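The following exchange examines how assignments in a structural model are justified. Each answer sets a value against the criterion that applies to it.

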Amino acid sequence: MKFLIAFVALFAVVAHLNAAPLNAQQQATVQIVRSDSDVGPEGYNYAYETSDGTSAQATAKLLNAGTDSEALSVQGSYQYIGDDGVTYSVQYIADENGFQPQGAHLPVA
């Protein structure tokens with residue numbers, strides 16, 4: 001279960017990064033400004049920022065370790081500048097209840 005939750009969270013970040021492909025000039029000029037990560041048996045955290053205004057961070061904790069209800073709980077966010085020049089930000093939780101994103105540009109149920 002915890003691997004599924006982590007996979008869903010990482011899929012969301014990858015999908016976001018692939019949503020607006022960069023042209024050749026942009027790819028050549030985007031630099032990693034900051035990158036931090038720490039991975040352990042009870043969780044992980046990471047943060048990065050690029051020169052084009054893209055950034056992301058997440059913190060994960062293993063809940064109920066060693067039990068049948070073991071789960072990974074992830075809280076994070078990412079932001080990027082869209083083709084329209086607007087900065088889009090998403091905050092999310094990914095846990096036993098699924099991936100739960102929130103952002104001003106996202107529809108609310």
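Q: Which residue of β2 is the bridge partner of G40?
A: The partner of G40 is G43 in β2. This is a predicted model, and the bridge is one of eight through which β1 and strand β2 (residues 43-50) pair in the antiparallel sense. Another pairing brings S37 together with Y46 in β2.

Q: What makes β1 and β2 count as paired strands?
A: The criterion is at least two bridges between two strands. β1 and β2 have eight bridges, so the criterion of at least two is met. The two strands form a hairpin, with two residues between them.

Q: Why is β1 said to lie largely in the open?
A: A residue is buried when its relative accessible area is under 20%. Of the nine residues of β1, the number that are buried is zero, and therefore the strand lies largely in the open.

Q: What is the order of the strands in the open sheet?
A: Six strands are arranged as β1-β2-β3-β4-β5-β6, with antiparallel pairing. β1 (32-40) and β6 (98-102) each have a single partner strand, so they stand at the edges and one side of each is left without a neighbour in the sheet. From one strand to the next, the twist averages 10°. In general, the strands of a sheet pair through backbone hydrogen bonds, in a parallel or an antiparallel manner.

Q: What elements does the protein chain have, and how do they run from the N terminus on?
A: There are two helices and six strands. The order is α-α-β-β-β-β-β-β.

Q: How do you know that β2 and β3 are paired?
A: Seven bridges join these antiparallel strands, and the threshold for pairing is at least two. One of the bridges links E49 to S55 in β3. β2 and β3 also form a hairpin with four residues between them, and G53 in the turn has a positive phi of about 95°.

Q: How many bridges join β3 to β4?
A: The antiparallel strands β3 and β4 are joined by nine bridges. Among the partners are T59 and, in β4, Q75.

Q: Why is S55 called buried?
A: S55, found in strand β3, has a relative accessible area of 17%. The cut-off for a buried residue is under 20%, so S55 counts as buried. Leaving aside residues up to four places away in sequence, S55 touches Y48, E49, S77, Y78 and Q79.

Q: Where is S77, and which residues does S77 touch?
A: S77 is in strand β4 (residues 71-81). Not counting residues up to four places away in sequence, S77 touches S55, A56, Q57, V90, Q91 and Y92. The C-alpha atoms of S77 and S89, which are twelve residues apart along the chain, are separated by 7.2 Å.

Q: Is Y92 buried or exposed, and what is the class of F99?
A: Y92 has 4% relative accessibility and therefore counts as buried, the limit being under 20%. F99 has 28% relative accessibility and so counts as partly exposed, a class that lies between the buried limit and the exposed limit of over 50%.

Q: What makes the ring pair of Y80 and Y88 stacked, and that of Y92 and F99 tilted?
A: Rings pair if their centres lie within 6.5 Å, and by this rule the count comes to five aromatic pairs. For Y80 and Y88 the centres are 5.5 Å apart and the planes stand at 25°, so the pair is stacked, the limit for stacking being under 30 degrees. For Y92 and F99 the centres are 5.4 Å apart and the planes stand at 40°, so the pair is tilted. Ring pairs also link Y44, Y46 and Y48 into a cluster.

Q: Which residues touch the most other members of the largest nonpolar core?
A: Among its 14 residues, these are Y44, Y46, V74, Y78 and Y92. At least two residues of this core come from each of β2, β3 (55-63), β4 and β5 (87-95). In soluble globular proteins, nonpolar side chains tend to be buried together.

Q: How much of the protein chain is buried?
A: Buried residues make up 30% of the 109 residues. The accessible surface comes to about 7200 Å², and 55% of this belongs to carbon and sulfur atoms.

Note on methods
Residues are numbered from 1 along each chain as its sequence is written. This is a predicted model: local features need pLDDT of at least 70, side-chain atom pairs count only at pLDDT 80 or more; totals for chains, interfaces and linings use all residues. Side-chain values use heavy atoms; hydrogens and water are left out. Contact means heavy atoms within 4.5 Å. Axes are lines fitted to C-alpha atoms, for helices over the stretch in contact, and angles run from 0 to 180 degrees between N-to-C directions. Buried means under 20% relative accessible area, exposed over 50%, partly exposed in between (1.4 Å probe, protein chains only). Accessible areas come from the Shrake-Rupley method with a 1.4 Å probe; for residues, only the protein chains shown count as cover. Rings of Phe, Tyr and Trp (its six-membered ring) pair if their centres lie within 6.5 Å; planes under 30 degrees apart count as stacked, over 60 as edge-to-face and the rest as tilted. A nonpolar core is a set of buried Ala, Val, Leu, Ile, Met, Phe, Trp, Tyr and Cys residues joined through side-chain atoms within 4.5 Å.
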